[in-house]
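Reader: I am new to this structure and would like a close look at a single part of it. Please take one helix and its surroundings, and then show how that part sits in the rest of the chain.

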Amino acid sequence: MDNKIQEEEKVKIIDNKKYHQQESKFNEHDHENSLSSSSAEEEENENSAEQQFINYITSHLSDHLTVEERSDYLQKVLSQWRKHRKHTQEEQQMYKKYIKTIKENYLGTNSLLPSVHPLYQFQNWKLNPKLIQAINENNFDSVLVQVHPGIYTFECFDEEFCQQLIAEINHFEKWCLENGIRVQRPNSMNNYGAILDNFGFEPCLQDLMTHIVEPLAKHVYSYITPPLDSHHGFVVEYSMNKDKKLDFHVDNADVTLNVCLGQEFTGGQLYFGGVRCQEHVQTPSLPNEDFYFDHKIGYGVLHVGKHRHRACEITSGTRLNLILWCLSSKFQAENCGNHKMCYKWCAYHQINECFHKNSHVKHD
Ligand SMILES: [Fe+2]
Ligand SMILES: [Zn+2]
């Protein structure tokens, strides 16, 4: 088992494109016409985006440059920016087409459309009744177990339901294979698994975020401004001949719910190494921040997205986990470009405060 902490290992920023393509979510834009706005409107948007970019660049240019140097530099970066923008737009168009194809053609198990398939409706999800009761009664201590500062676990689904979900995921992958459709992988780091939002689970996972993750997060991460209002829901798969582990990283999420669905496996613990903001993400973890979580089928683990973690190597079998990344646009806006906010949650500041306090005492 690979339990050694590799401090020199760089923390990766895992990403997914979907957050940047909110307009192309499943269940939205039913009509082809609504996919593209009028060309005049498009042109206006383009001009305004370009002007914003120019303003940003010119306000950051050094005063020591001559007028010619400034103009040269601006032309160069502008041409790069236009290329990148075109590429992104083409990718978005392709993604929209991909989602449309699935939506128009995919049938779930028992040949049922996801919109009428019981497993795709949140009210049919078999959540632990004690969890529901705890949320309804605002009494979380009975179900939520803090296994390490900031890391919580609770019983989420029963095993039979986990098996049903796995069968549905396998069914989708098989359908993709038979129809020559590629399975879009969950994020920039996982090479196996699937995006649940892509084939009908989008509304259901939005409900899971709103009705389960949000009340729990409000209770344990009070510094994250609610509501959680967007998500990325996917399944990751680890086995001996697929991905065996996942490198040290932070999620593109404010709060992450990670539920083990099965099957049989050994190894594959989730290692945690401290909460860090973007600026301090590469700072070493302290020994008391190290924590290994053992997955148990049907149990969820809740952590903030910036709690650095990695999946240890699986030593046998197959492990599938449902992962829900949840974002709060309010919390994102408060923290964006405002580094002062992170003292509330980035452990680096607490570590340094302690360090300064102690060294102060020593020198006194
Ligand atoms: Fe992760
Ligand atoms: Zn920080």
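Author: What follows starts with helix α5, moves to the strands beside it, and then turns to the rest of the chain.

The model is predicted. The protein chain averages a pLDDT of 87, and 88% of the residues score at least 70. Two stretches call for caution. Over residues 1-7 the pLDDT stays under 50, and the model has twelve contacts beyond four places in sequence for them. Residues 19-36 also have a pLDDT below 50, with 23 contacts beyond near neighbours in sequence. Where pLDDT is low, the predicted coordinates should not be read in detail.

Helix α5 covers residues 159-178. From its first C-alpha to its last, this 20-residue helix reaches 29 Å, close to the 28 Å expected at 1.5 Å a residue. Which residues of α5 are buried? They are C162, L165, E168, I169 and F172. These residues cover an arc of only 125 degrees around the axis, so they lie on the same side of α5. The spacing fits a general rule. An α-helix has 3.6 residues a turn, so residues three or four places apart point the same way. On the other side of α5, the exposed residues are E159, E160, K174, L177 and E178. Just after the helix, G180 takes a positive phi of about 65 degrees.

What do the buried residues of α5 pack against? Their partners are the strands β4, β5, β7 and β13. Of these, β5 deserves a closer look. Strand β5 runs over residues 230-239, and eight of its ten residues are buried, so the rest of the structure largely encloses it. β5 is joined to β4 (residues 193-195) by three bridges, and the two strands run antiparallel. Within this pairing, A194 has V235 of β5 as its bridge partner. β5 is also joined to β13 (residues 314-327), here by ten bridges and again in the antiparallel sense. S230 stands opposite L327 in β13. Strands of a sheet pair through backbone hydrogen bonds, either parallel or antiparallel.

V235 appears again in the largest nonpolar core, which has 66 residues. The members that touch the most others are V213, V235, V255, L324 and C326. For C326, the residues touched beyond four places in sequence are M209, V213, L228, H231, A253, D254 and V255.

The loops beside these strands hold two cis peptide bonds. One joins P226 and P227, with omega about 0 degrees. P227 belongs to the loop between α6 (202-220) and β5. The other joins G262 and Q263, with omega about -10 degrees. Q263 is in the loop between β7 and β8 (265-267).

Helix α3 gives a second helix to set beside α5. Its 39 residues, 67-105, should span 57 Å at 1.5 Å a residue, and its end C-alpha atoms are 57 Å apart, which agrees. α3 is hardly covered, with one buried residue among its 39. R70 lies in this helix. Is R70 buried, exposed or partly exposed? R70 counts as partly exposed because it has 15 C-beta neighbours inside 10 Å. Beyond four places in sequence, R70 is in contact with L61 and L65. T58 is twelve residues away from R70 in sequence and 8.1 Å away in space, C-alpha to C-alpha.

In the loop between α3 and α4 (129-136) is S111. S111 has a positive phi of about 55 degrees although it is not a glycine. With 7 C-beta neighbours inside 10 Å, S111 counts as exposed. N138, in the loop between α4 and β2 (145-148), is not a glycine but has a positive phi of about 55 degrees. N138 is exposed, with 9 other C-beta atoms within 10 Å.

Elsewhere, an open sheet of five strands has the order β1-β6-β12-β9-β10, with mixed pairing. β1 (12-13) and β10 (290-293) stand at its edges with a single partner strand each, so one side of each has no neighbour in the sheet. Inside the sheet, β9 (residues 270-275) and β12 (residues 307-311) pair antiparallel over four bridges. The bridge partner of V275 in β12 is H307.

For the chain as a whole, there are eight helices and 13 strands. Of its 364 residues, 32% count as buried. Among contacts with a separation of 6 or more, 83% come from residues 24 or more positions apart.

Definitions and conventions: Residues numbered from 1 in each chain as written. Chains lettered and ligands numbered in written order. Predicted model: local features only at pLDDT ≥ 70, side-chain atom pairs only at ≥ 80, totals over all residues. Core = buried A, V, L, I, M, F, W, Y, C linked by C-beta atoms within 7 Å. Buried ≥ 20, exposed ≤ 12 C-beta atoms within 10 Å, placed from the backbone. Contact = placed C-beta atoms within 7 Å. Expected span 1.5 Å × (residues − 1). Pairing = 2+ DSSP bridges. pLDDT = per-residue confidence, 0-100. Arc of directions from axis to C-beta.
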